[in-house]
Amino acid sequence: MLAIIGAMDEEIELLLGDLQDRQDITHPGVTLHRGTLDGVPVLVTRGGIGKVNAAMTTTYLLVEGATRVIFTGVAGGVHPDLRVGDIVISTDLVQHDVDVTPLGYEPGTVPGETPAWHADDTLRDIAMQAAQDVEGVNVIAGRVASGDQFIASREGVQRLWKTYAAACAEMEGAAVAQVCAKAGVPFVVIRSISDTADHDANVDYRTFMPLVARHAKQVVRGMLARLGEGTSGEGTSGEGTSGEQARA
Ligand code: ADE
């Protein structure tokens, strides 16, 4: 079962509107929507903002049988070539707000965990293909930096660029990645750029977020079309697919 998460209503409402045979599943703090989208069985949900909400929601999705996870939403651009509307597909993800450096860990490293969580190659390739169909925007594969902070300063952008070589900044992806990695479930994060995370980021975010959120959703639909070409839309990755039959 493919799961699709967005942080906010704007990020998933168009997907929910087209969900067939919808069934709502309520857990404490979050409602998941099971159904079929473009012929592919899916779980869709609004996970809320920030890493804690993202981790909690991902856990519920895995409990409900998700065997692959796509996160869709907007981000602040960090890579200097990115403009509003452009798209970043995750190669890997870091938690830029983690700091255990006094104990000798690198910035961003959670003790006992990998310094960066790698997105699934197959999902990333399919997302890249689908993103090429969005007209008039640049698409890059790059590192996504997540933290419980809205980045809105030149210094903030520089820190993420210099310390992490991040392509974009957002608030959920690496938490989704951490939970999925623990369960061996493949994931990818798709982010369209709503602002460039500098001093005008708050204004740009409010102006462009609803518009560019559509780009990310367009990528999801393009992915569904490609995944739906198989019989069940499953089985593109060897990792994390155990238990799929029982859960389907
Ligand atoms: N999501 C969209 N823009 C962002 C920014 N500048 N910082 C963090 N998350 C974001």
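Which ligand atom lies 2.7 Å from a polar side-chain atom of Asp195? In this predicted model, the partner of the Asp195 side chain is a nitrogen atom of the ligand. Two further contacts to ligand nitrogen run through the backbone: one involves an N or O atom of Gly76, the other a polar backbone atom of Ile151. The distances are set out below.

| Residue | Protein atom | Ligand atom | Distance |
|---|---|---|---|
| Gly76 | backbone N or O | nitrogen | 3.2 Å |
| Ile151 | polar backbone atom | nitrogen | 2.8 Å |
| Asp195 | polar side-chain atom | nitrogen | 2.7 Å |

On its own the ligand has 260 Å² of accessible area, and the protein covers 96% of this. The ligand takes up the space of the largest pocket.

Three elements each give two or more residues to the shell around the ligand: strand 5 (68–77), strand 9 (168–170) and strand 10 (187–195). Strand 5 supplies the largest share, with three residues. In total, 13 residues surround the ligand, and those that come nearest are Gly76, Phe150, Ile151, Glu170 and Asp195. By residue class, the shell has eight nonpolar, three polar and two charged members.

As for annotation, an unreviewed UniProt entry carries the label "domain: Nucleoside phosphorylase" for residues 2–224. In the model, the span 2–224 is 36% helix and 31% strand, and its end C-alpha atoms lie 9 Å apart.

Notes: Residues are numbered from 1 along each chain as its sequence is written. This is a predicted model: local features need pLDDT of at least 70, side-chain atom pairs count only at pLDDT 80 or more; totals for chains, interfaces and linings use all residues. Side-chain values use heavy atoms; hydrogens and water are left out. A residue is near a molecule or strand if one of its heavy atoms lies within 4 Å of it. A polar contact is a pair of N or O atoms within 3.5 Å; within protein, one must be able to donate a hydrogen and the other to accept it, and residues adjacent in sequence count only if both atoms are side-chain atoms. Accessible areas come from the Shrake-Rupley method with a 1.4 Å probe; for residues, only the protein chains shown count as cover. On a 1 Å grid over the protein atoms alone, a cavity is a set of points where a 1.4 Å probe fits but cannot get out, and a pocket is an open set with protein on both sides within 12 Å along at least five of seven lines; lining residues have an atom within 4 Å of a point. A molecule sits in a cavity or pocket if more than half of its atoms lie within 2 Å of its grid points. Helices (H or I, at least four residues) and strands (E, at least two) are DSSP runs, numbered from the N terminus. Ala, Val, Leu, Ile, Met, Phe, Trp, Tyr, Cys and Pro count as nonpolar, Asp, Glu, Lys and Arg as charged, and the others, Gly among them, as polar. UniProt positions are given in the numbering used here, feature names are shortened, and annotations may be inferred rather than shown by experiment.
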